[in-house]
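Open the model in your viewer and keep the sequence panel in view. Each stop below gives a selection to make and then says what is there.

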Amino acid sequence: SKKLRFSTAAQDSILTHFIRGGAPTSGGVLHAVTAAAQSIPDVDEAYEVESRGIEAMQLSATFAALTAIFAKIGIENVNSDFATLLRTIVVLVSLALILYATGQYQSLGSISAKSYLFLLLSGLGTGASWLCYFRALKVGPASLVAPVDKLSLVFVAVLGVILLGEKLDLRQWGGIGLITAGVVMLALRR
């Protein structure tokens, strides 16, 4: 956020939206930046923050790529499930430090039963996804595993339409189709 020259207030707002959004992806970063921009009263500052969203998304994608490469190297002589546990501990400690530094903890009593249920389900899904991802990295090339893992973007789009009533236009469906075609091309054997 310092590289992108966000104000402290914008940084806090982006982090809040990112944590609430629960999507640790480049799309999640873009969503957090644009959501934060919408809550900034100064129109000029809001425009500046939102215009930097694509750059933030590119940085997020770079970190995601490095994550796959680092994981592939790190898992070489380690059980994939144990590697997932170590990664989870690092993420947990990192998030706890970020929440502490930004004062974003909230009372556990302020969270509804519905939110607890869906956060639990999301956590279980994340754990299952990470276990499968690390097992795939253990046996396959990172250059294939990471892109196939991104097929989740297609599933999110389809489930978002079916379960959440979200609307996608023709351009967005075209992008989803291109992602699907790219993953299929990568997965096909020669």
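The tour starts with the whole chain and then moves through selected residues.

**Whole chain**

Show everything as a cartoon. This is a predicted model. The protein chain holds 9 helices and 0 strands. Read from the N terminus, the order of elements is α-α-α-α-α-α-α-α-α. Now switch on a surface. About 13100 Å² of the protein chain is exposed, and carbon and sulfur atoms supply 68% of that area. Of the 190 residues in the chain, 22% are buried. Contacts come next. Take those with a separation of 6 or more: 61% of them join residues 24 or more positions apart.

**Helix α4**

Select residues 53-74. This is helix α4, with 22 residues. Set a distance from its first C-alpha to its last: the helix reaches 31 Å, close to the 32 Å expected at 1.5 Å a residue.

Which residues of α4 are buried? Colour Gly53, Ala56, Ser60, Ala68 and Ala71, the buried residues of this helix. Then look down the axis of α4. The buried residues line one face of the helix, because they fall within an arc of 125°. A rule of helix geometry helps here: an α-helix has 3.6 residues a turn, so residues three or four places apart point the same way.

Now turn to the face of α4 that points away from its buried side. Select Phe70 and Ile73 there; both are exposed.

**Ile40, between α2 and α3**

Move to Ile40. Its place is in the loop between α2 (26-38) and α3 (43-51). Is Ile40 buried or exposed? Its relative accessible area is 14%, so Ile40 is buried, the cut-off being under 20%.

Show the side chains around Ile40. Leaving out residues up to four places away in sequence, Ile40 touches Ala10, Glu45, Ala46 and Val49. Pick out Ala10 from that group. Ala10 and Ile40 are 30 residues apart along the chain, yet their C-alpha atoms are separated by 7.8 Å.

**Gly140, between α6 and α7**

Go next to Gly140. This glycine lies in the loop between α6 (113-139) and α7 (142-149). Gly140 counts as buried because its relative accessibility is 11%.

What does Gly140 touch, not counting residues up to four places away in sequence? Select Lys72 and Val145. Lys72 belongs to the stretch you coloured as α4 (residues 53-74). In sequence, Gly140 and Lys72 are 68 residues apart; in space, C-alpha to C-alpha, they are 9.1 Å apart.

**Ser80 and the aromatic pair**

Select Ser80. It lies in helix α5 (residues 80-102). Ser80 counts as buried, at 9% relative accessibility. With neighbours within four places in sequence set aside, Ser80 is in contact with Ile75, Phe134, Arg135 and Lys138.

Follow the contact to Phe134, then add Tyr133. The model has 1 aromatic pair. Tyr133 and Phe134 form it: the pair is edge-to-face, at 6.2 Å centre to centre with 65° between the planes. Both partners are buried. Tyr133 has a relative accessibility of 11%, and Phe134 has a relative accessible area of 6%.

**Last stop: Arg87 and Trp130**

Select Arg87 and Trp130 together. Arg87 lies over the face of Trp130, at 4.5 Å from the ring centre. Rotate until you look straight at the ring of Trp130, and Arg87 will be over its face.

Notes. Residues numbered from 1 in each chain as written. Predicted model: local features only at pLDDT ≥ 70, side-chain atom pairs only at ≥ 80, totals over all residues. Heavy atoms only, no water. Phe/Tyr/Trp six-rings, centres within 6.5 Å; stacked < 30°, edge-to-face > 60°. Buried < 20%, exposed > 50% of the residue type's maximum accessible area, 1.4 Å probe, protein only. Lys NZ or Arg CZ within 6 Å of the ring centre and 35° of its normal. Helix = DSSP H or I, 4+ residues; strand = E, 2+ residues; numbered from the N terminus. Expected span 1.5 Å × (residues − 1). Arc of directions from axis to C-beta. Contact = heavy atoms within 4.5 Å. Areas by Shrake-Rupley, 256 points an atom, 1.4 Å probe, with all protein chains shown as cover.
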